[in-house]
Amino acid sequence: MHVLIIIPMYNEQSSAQVSLMTMLQYLKDLPNTQLLVVDDGSRDQTVEIVSALIPTSERLLLVQHQRNQGYGMALRTGIRYAIEHHYRYCVFMDSDLTNHPKYLKLFYRKIKEGKTYIKATRYSAGGAMEGVPWRRRFLSRIANWIARLLYNLPLTDPTNGFRAVHTHLLSKMTLKENGFGIIMEELTEAKKLRALFSEVPTVLTSRTLGQ
């Protein structure tokens, strides 16, 4: 297998089945791809729901944390799995479908072009936000404006967590953040490693499943 899609989950019993079934439907057209759920110590029925879906698809995998350790730790667990099992790329997605799997084909085009760090963007032609509260829009624009100044990279949406990264790059990174700061920590490391950056336009929507 070449691509591992990593999805952290924590107490997602109300949305896990719909989200995963939707993602698996789109994976049918994407060869050499598997979907790894990293359950970060859920206390509800998330693990049971994911486990029940595994026999229905050879694409779906699950690893568990016995206790909640944070978003960053969940991603690092997924990265370690990808490195140990020799995947070529990791794709990071959230479990709530606010970034839709229909955009994965755009990432794969960039992968075929040889790009090693590919970000989704809401702020280039074809990208947008729909149904997102104005306060979140405002904070996102401010955060991205600051990040563009600090990082000086060819990215319009550096804080976006929907991304694909070459596993060789990830294997050379020292990531320590346990929270959402891991996104920017990873970007810092990618710049040091002279990653080949690229973007794909996506539409971010407001969460409609779960909490």
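Asn32 is partly exposed, with a relative accessible area of 38%, and Asn32 sits in the loop between α1 and β2. Asn32 is not a glycine, yet its phi is positive, at about 55 degrees. The structure you are looking at is a predicted model. From this one residue, the tour below moves on to other backbone turns, ring pairs, pockets, helices and a few single residues.

**Backbone angles to look for**

- As background, most residues other than glycine have a negative phi.
- Asn152 is another residue to look up: Asn152 is not a glycine, but has a positive phi of about 50 degrees.
- You will find Asn152 in the loop between α5 and β7, where Asn152 counts as exposed at 63% relative accessibility.
- A glycine is worth a look too: Gly114, just after α4, takes a positive phi of about 95 degrees.

**Aromatic pairs**

- How many aromatic pairs does a search of the whole structure find? The search finds 4, and two of them are described here, beginning with Tyr71 and Phe180.
- Tyr71 and Phe180 make a stacked pair, with ring centres 4.2 Å apart and 20 degrees between the planes.
- Because Tyr71 belongs to helix α3 (residues 71-84) and Phe180 to the loop between α6 (167-171) and α7 (182-192), this pair ties together parts that are 109 residues apart in sequence.
- Tyr71 is buried, with a relative accessible area of 13%, whereas Phe180 is exposed, with a relative accessible area of 57%.
- Phe107 and Phe162 make a tilted pair, 4.7 Å centre to centre with 45 degrees between the planes.
- Helix α4 (residues 104-112) holds Phe107, and the loop between α5 (134-151) and β7 (163-166) holds Phe162, so this pair ties together parts that are 55 residues apart in sequence.
- Phe107 and Phe162 are both buried.

**The largest pocket**

- The largest pocket holds about 840 Å³ of space.
- Its lining counts 32 residues, and the closest to the pocket centre are Tyr71, Asp94, Arg136, Phe180 and Ile183.
- Tyr71 and Phe180 may look familiar here, as they are the partners of the stacked pair.
- Which elements give two or more residues to the lining of the largest pocket? They are β1 (3-9), α3, α5, α7 and β9 (203-205).
- Helix α5 provides the largest share of this lining, 5 residues.
- By class, the lining of the largest pocket divides into 14 nonpolar, 10 polar and 8 charged residues.

**The second largest pocket**

- About 240 Å³ of space lies in the second largest pocket.
- This pocket is lined by 13 residues, and Val3, Pro31, Tyr108, Ile111 and Lys112 are the closest to its centre.
- Helix α4 gives the most to this lining, with 5 residues.
- The lining of the second largest pocket has 6 nonpolar, 3 polar and 4 charged residues.

**Two helices and their buried residues**

- In helix α2 (residues 46-53), the residues Thr46, Val47, Ile49, Val50 and Leu53 are buried.
- Looking down the axis of α2, you see these buried residues fall within an arc of 165 degrees, so they line one face of the helix.
- It may help to recall that an α-helix has 3.6 residues a turn, so residues three or four places apart point the same way.
- The buried residues of α2 pack against β1, α1 (16-27), β2 (33-40) and β3 (60-65).
- In helix α4, the buried residues are Leu104, Leu106, Phe107, Tyr108 and Ile111.

**Single residues to visit**

- Is Leu175 buried or exposed? Leu175 is buried, with a relative accessible area of 14%.
- Leu175 is placed in the loop between α6 and α7.
- Leaving aside residues up to four places away in sequence, Leu175 touches Arg76, Ile79, Ile182, Glu185, Glu186 and Glu189.
- Thr98 is 77 residues away from Leu175 along the chain, and their C-alpha atoms are separated by 25 Å.
- Arg141, in helix α5, counts as exposed at 52% relative accessibility.
- Arg141 and Thr159 are 18 residues apart in sequence, and 9.7 Å apart in space from C-alpha to C-alpha.

Note on methods. Residues numbered from 1 in each chain as written. Predicted model: local features only at pLDDT ≥ 70, side-chain atom pairs only at ≥ 80, totals over all residues. Heavy atoms only, no water. Phe/Tyr/Trp six-rings, centres within 6.5 Å; stacked < 30°, edge-to-face > 60°. Helix = DSSP H or I, 4+ residues; strand = E, 2+ residues; numbered from the N terminus. Buried < 20%, exposed > 50% of the residue type's maximum accessible area, 1.4 Å probe, protein only. 1 Å grid on protein atoms, 1.4 Å probe; cavity = no way out; pocket = protein on both sides within 12 Å on 5 of 7 lines; lining within 4 Å. Points joined across faces, edges and corners; volume = space filled by probe spheres on them. Nonpolar A, V, L, I, M, F, W, Y, C, P; charged D, E, K, R; others polar. Arc of directions from axis to C-beta. Contact = heavy atoms within 4.5 Å.
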